[in-house]
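This report introduces one protein structure to a reader who has not met it before. Its strands, its core and one selected residue are described in turn.

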Amino acid sequence: VTGVQTCALPISNTNVLTVINLKNALQISYNAQSAATATVELYNLNGTLVSANSFEQQNAGIVSLNFDVKDGLNTGIYIVKVQQGTQSLTKKLALVF
């Protein structure tokens with residue numbers, strides 16, 4: 001992944017999912033409503049899961065995760081899904097290599 005691209009999806013007045021493209025990684029930030037284990041999943045537009053990662057217990061409040069982008073992904077549009085406890089956030093993302 002080259003360059004830096006930021007985008008934010010408002011979920012409510014208090015919650016935004018922000019994704020920043022870094023070289024070979026995504027930096028994902030959001031406001032968690034409760035402490036829980038977090039998972040990040042990356043889907044292609046066909047709905048196929050192409051990459052996933054689980055993160056240890058995350059506190060409530062602002063959470064920032066670095067998600068390594070799996071080798072072999074092509075430039076394209078993907079859906080990022082972040083889940084922590086009962087909270088689930090999704091965002092469309094363009095990856096450019």
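## Strand pairing

S4 and S5 are paired in the antiparallel sense over 8 bridges; strands are DSSP runs of E with at least two residues, numbered from the N terminus, and two strands pair if DSSP finds at least two bridges between them. Thr39 stands opposite Ser54 in S5. The model is predicted: local features need pLDDT of at least 70 and side-chain atom pairs pLDDT 80 or more, while totals for chains, interfaces and linings use all residues. Residues are numbered from 1 along each chain as its sequence is written, and side-chain values use heavy atoms, without hydrogens and water.

An open sheet is formed by 4 strands in the order S5-S4-S7-S8, with antiparallel pairing. S5 and S8 are at the edges with a single partner strand each, so one side of each has no neighbour in the sheet.

## The nonpolar core

The largest nonpolar core (buried Ala, Val, Leu, Ile, Met, Phe, Trp, Tyr and Cys residues joined through side-chain atoms within 4.5 Å) has 22 residues, and Val80 is among those that touch the most other members. S3 gives the most to this core, with 4 residues. Val80 touches residues including Leu26, Ile28, Val40 and Leu42 (contact means heavy atoms within 4.5 Å), not counting residues up to four places away in sequence.

## Gln58

Gln58 is found in strand S5, residues 49-58. Gln58 is buried (under 20% relative accessible area, 1.4 Å probe, protein chains only), with a value of 17%. Among the residues that Gln58 touches are Ser34, Val63 and Gln84, not counting residues up to four places away in sequence.

Terms used
Buried means under 20% relative accessible area, exposed over 50%, partly exposed in between (1.4 Å probe, protein chains only).
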